[in-house]
Structures are given as C-alpha cells and as structure tokens.
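Good morning, colleagues. I should like to use these few minutes to walk through one model, moving from a single side chain to the chain as a whole.

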Amino acid sequence: IRELRSEYTIVVVTHNMLIRAVVCTIRRLPLSRFRDIEQDNAAVNLLSYGSDGFQIHGINQRPSPSSP
C-alpha cells in the first residue's frame, strides 16, 4: 500500500469503533475520548497521507441524496 499510495486511491471499509480510534490517533486525542467522535452508519471519512503524516479532510460525511 505504501508503494501505491501516490498513484491510487485506496478505500478502506470498517466498523465505526476502528474509525473513531484512528481519528483519535491522528488528532492526538486519548483513546478514552473515542466515543466523542461522531460516526453514523455508512458515513464517509476522507483521509490523506503525505510527508506530514495523515490529514483529515472529512469526518462522518453522508452522501447527498441522488436527484431523480
């Protein structure tokens, strides 16, 4: 994955508890606060990884309803 990250978009699907733990780690929050991170079912979280480490671009985003 490290070798491909600059060339591809990588999608990871997981449960909300792991996402909350990852967000806490990136934000340098204690894991005891992981329940403070809102995470709805089927929400989208957008992260990127670069020379400065992980950056959070969106948390708990919901897809907009498609127009008819």
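With which side chain does the side chain of Gln39 make a polar contact? Please bear in mind that what you see is a predicted model. The partner is the side chain of Asn45, at 2.7 Å.

Let me stay with Gln39 for a moment. Gln39 lies in the loop between H1 and S1. Is Gln39 buried or exposed? Its relative accessibility is 7%, and Gln39 therefore counts as buried, the cut-off being under 20%. If neighbours within four places in sequence are set aside, Gln39 is in contact with Asn16, Ile19, Arg20, Asn45, Ile59 and Asn60.

One of those contacts, Ile19, leads us to the nonpolar interior. In general terms, nonpolar side chains in soluble globular proteins tend to be buried together. Here, the largest nonpolar core has five residues, namely Ile19, Val23, Cys24, Phe34 and Ile37. Within that core, Val23 deserves a remark: apart from neighbours within four places in sequence, Val23 is in contact with Ile37, Ile56 and Ile59. Ile59 is thus named among the contacts of Val23 and also among those of Gln39.

I turn now to the surface. Leu18, Val22, Leu47, Tyr49 and Phe54 form a nonpolar patch of about 450 Å². Which elements each supply at least two residues of this patch? They are helix H1, spanning 16–26, and strand S1, spanning 44–50. Leu47, for instance, belongs to strand S1. Leu47 counts as partly exposed because its relative accessibility is 34%, between the limits of 20% and 50%.

Next, the charged side chains. How many salt bridges does a search of the whole structure find? The search finds one. It joins the side chains of Arg33 and Asp36, with an N to O distance of 2.9 Å. Arg33 has a relative accessibility of 38%, so Arg33 counts as partly exposed.

Finally, the chain as a whole. The protein chain contains one helix and two strands, and from the N terminus on the order of the elements is α-β-β. Of its 68 residues, 18% count as buried. The chain exposes about 6,000 Å², with carbon and sulfur atoms supplying 52% of that area. As for contacts between residues at least 6 apart in sequence, 15% of them join residues at least 24 apart.

Thank you for your attention.

Key. Residues are numbered from 1 along each chain as its sequence is written. This is a predicted model: local features need pLDDT of at least 70, side-chain atom pairs count only at pLDDT 80 or more; totals for chains, interfaces and linings use all residues. Side-chain values use heavy atoms; hydrogens and water are left out. Patches are made of residues with over 30% relative accessible area and no salt bridge: like charges are joined within 9 Å, nonpolar side chains (Val, Leu, Ile, Met, Phe, Trp, Tyr) within 5 Å. Accessible areas come from the Shrake-Rupley method with a 1.4 Å probe; for residues, only the protein chains shown count as cover. A salt bridge is a side-chain nitrogen of Lys or Arg within 4 Å of a carboxyl oxygen of Asp or Glu. Helices (H or I, at least four residues) and strands (E, at least two) are DSSP runs, numbered from the N terminus. Buried means under 20% relative accessible area, exposed over 50%, partly exposed in between (1.4 Å probe, protein chains only). A nonpolar core is a set of buried Ala, Val, Leu, Ile, Met, Phe, Trp, Tyr and Cys residues joined through side-chain atoms within 4.5 Å. Contact means heavy atoms within 4.5 Å. A polar contact is a pair of N or O atoms within 3.5 Å; within protein, one must be able to donate a hydrogen and the other to accept it, and residues adjacent in sequence count only if both atoms are side-chain atoms.
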